[in-house]
Amino acid sequence: MIEWIDTVIQGVLLGGLYALFAAGLSITYGVMRLVNIAHGDFIVLAGFATLPLVQTLGLHPFVALPLVALAMAALGYALQMGLLNRTLGPDILPPLLVTFGLSIVVQNGLREAFSADAQSLQIGEWQTASLQLGEAVAIGWFPLLVFVVAACMTWGVSLLFSKTTVGMALRATSDDPATASLMGIRAKHVYALALALSFALMAVGGVFSGIRTTFTPDSGPVSLLYAFEAVVIGGLGSLWGTFAGAVVLGVAQALGAKMDAGFGILAGHLVFLLVLVAKPNGLFARK
Amino acid sequence: MDSAIDFVVLRSTPANRVIGWALLAFCMALISVPWWGDASLMRWMVEVICFLVLAQMWNLMAGYGGLISVGQQAFVGLGGYGLFVLAQHLRINPFLAVPLAGVAAAILAVPMSKLVFRLRGGYFAVGTWVVSEVCRIWVSNLSLVGGGSGQSLTVMASIQRDVRESVTYWMACALLIVTFATVYGLLRSRFGLGLTAIRDSEAAAESQGVRVATLKFQVYVLSALGTAMVGALYYLNVLRIAPASAFDLGWVVAAIFMVVIGGIGTLEGPIVGAAVFFFLRWLLSDYGSWYWLVMGGVAIVVMVFFPKGLWGSIQQRWGVQVFPLQRRLKVG
């Protein structure tokens with residue numbers, strides 16, 4: 001029994017990482033109905049971007065993280081302004097296919113630049129240290145940190161949306177870009193800000209994921225699928241819903257893997273499909 | 001207003017009659033290959049035809065039904081594995097097993113559609129991808145078909161080599177011709193008008209009495225049928241299957257690039273796209289991942305600056321159609 005509790009706890013903590021993956025996807029869909037197929041590949045790109053900072057400059061991954069997050073935000077802003085804004089419109093096809101093309105370009109660009117080898121980021125003994133609770137339950141400090149950071153980020157972004165002027169502009173543009181532009185809000189600039197925010201969150205997810213496990217240029221699609229599943233399980237339009245969806249996905253994967261080592265990822269997919277059948281609007285959708 | 005305006009609806013131009021004869025001659029030439037071509041040419045052509053039909057099936061969904069799937073590799077894999085189960089394990093004639101595998105996958109597509117149609121637009125796209133991942137993991141755990149390492153189609157050894165190669169090739173030709181004829185016939189019919197209406201505006205189509213949900217379902221299942229036959233035929237040609245390659249995302253990547261570059265929503269587009277695809281593959285064959293980088297870059301540029309693709313741009317400028325689908329009004 002106690003081992004199962006341990007498994008659930010590990011699953012919840014894993015969900016923290018997925019919440020970081022999913023938050024950006026949730027924001028871009030909420031603000032501009034953009035489903036970024038390259039989402040996972042940009043998460044992996046953030047991991048690779050951290051590598052030279054750590055290996056060549058000798059920075060600690062936690063020191064490199066803010067730099068990478070800033071660079072990713074700048075990339076996101078530029079990408080939206082330079083490319084994706086041209087594709088947004090009533091037709092959903094262009095943004096989907098352009099981000100799909102980006103996904104292939106990023107994946108193969110990384111393979112060309114860093115080879116297909118698995119990489120990881122090291123943070124020393126912190127990586128494996130854990131908090132022992134009784135005999136069977138141990139909580140890793142690092143997974144716990146990831147979970148707390150994910151919760152803080154979700155809280156922070158929710159506040160950003162509800163309390164600040166930028167948040168108001170984001171919500172207004174999401175509701176009605178034409179009317180928002182009458183109030184002096186430049187929709188294209190707002191969209192670029194949303195993608196910048198999404199990219200900064202991806203950077204956090206990418207670096208944490210690189211510390212937690214290894215990554216290769218091909219890791220992107222899986223990250224996209226987990227992020228997407230978390231968003232759909234949680235229900236569209238709510239960041240805390242996405243967070244909860246990520247936790248459900250993490251627990252499903254952990255329990256599945258506990259039953260059979262090969263069943264973890266499939267269990268996550270099956271829970272996602274089950275939610276799709278039973279509650280297509282998600283478990284925690286805002287009314 | 002005393003007289004109604006005289007008009008006729010033109011569905012083709014005189015040039016189309018010439019093109020029609022040319023197409024017929026081309027089909028004859030295609031069918032005659034086993035009498036003069038060697039085995040490697042036939043194998044290569046089967047591969048080209050597989051990619052072309054795959055692209056056309058994706059085009060039918062995306063370009064006409066407005067359904068963007070990133071999970072068509074599910075049907076390639078199911079078709080391929082369907083062939084192996086039917087031919088290798090149930091001892092059904094391998095050539096007969098190809099259409100049967102297609103039908104089996106189309107039947108599986110029915111419950112799958114219930115899942116993915118819960119999602120719309122971009123989420124539909126990623127949803128189809130999840131379903132294909134589920135299929136891949138499921139097949140990887142089936143010991144009957146060799147699990148993760150796959151298996152070989154050893155029953156083909158009992159068929160004489162030149163018979164095997166020629167019949168596989170002719171089946172590919174048949175699949176190509178039937179696919180284009182079916183899609184052409186469908187799109188010229190009431191069904192095609194409904195689909196085009198859905199693509200342009202779902203709400204408006206619904207208000208005009210188009211049964212949007214039914215039509216989308218039919219397109220999804222039809223596309224699954226064609227795609228699965230591509231999978232069966234492709235693995236009949238290469239004789240060995242494994243889950244990682246059969247359910248590879250690369251299948252749909254290729255289909256999307258061919259259709260986008262050639263011209264989405266035109267019957268001719270996938271042909272042009274396939275030509276570009278195979279030309280670039282040949283040109284960049286020594287450069288590894290650069291091939292995909294260039295393909296991705298070209299697809300992005302085409303999508304942003306020439307959203308109608310190569311053929312779509314040609315068609316818009318000169319009004320040529322190999323497969324006449326438009327209706328033109330001639331007044332007077």
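The following exercises, with worked solutions, concern a predicted model.

**Exercise 1.** Describe the secondary structure and overall dimensions of chain A.

*Solution.* Begin with the elements: chain A contains eleven helices and two strands. Next, place them in sequence order, which gives the pattern α-α-α-α-β-β-α-α-α-α-α-α-α. Then compare the radius of gyration, 19 Å, with the globule rule, which also gives 19 Å for 287 residues; chain A is therefore as compact as a globular protein of that length. Along the principal axes, the C-alpha trace of chain A spans about 65 × 50 × 35 Å.

**Exercise 2.** State what percentage of chain A counts as buried, and what percentage of its contacts with a separation of 6 or more joins residues 24 or more positions apart.

*Solution.* Of the 287 residues in chain A, 53% count as buried. Among the contacts with a separation of 6 or more, 74% link residues 24 or more positions apart.

**Exercise 3.** Analyse the side of chain A that touches chain B.

*Solution.* First, count the participants: 34 residues of chain A are in contact with 32 residues of chain B. Second, identify the contributing helices: helix 3 (61-87), helix 4 (93-114), helix 9 (220-234) and helix 11 (264-278) of chain A each supply at least two residues. Helix 4 of chain A provides the largest share, 14 residues. Third, sort this side of chain A by class, which yields 24 nonpolar, six polar and four charged residues.

**Exercise 4.** Determine whether Ile177(B) is buried, partly exposed or exposed.

*Solution.* Locate the residue first: Ile177(B) belongs to helix 6 (residues 161-188) of chain B. Within 10 Å there are 15 other C-beta atoms. A buried residue needs 20 or more and an exposed one has 12 or fewer, so Ile177(B) is partly exposed.

Notes
Residues numbered from 1 in each chain as written. Chains lettered and ligands numbered in written order. Predicted model: local features only at pLDDT ≥ 70, side-chain atom pairs only at ≥ 80, totals over all residues. Helix = DSSP H or I, 4+ residues; strand = E, 2+ residues; numbered from the N terminus. Nonpolar A, V, L, I, M, F, W, Y, C, P; charged D, E, K, R; others polar. Rg over C-alpha atoms; globule rule 2.2 N^0.38 Å. Contact = placed C-beta atoms within 7 Å.
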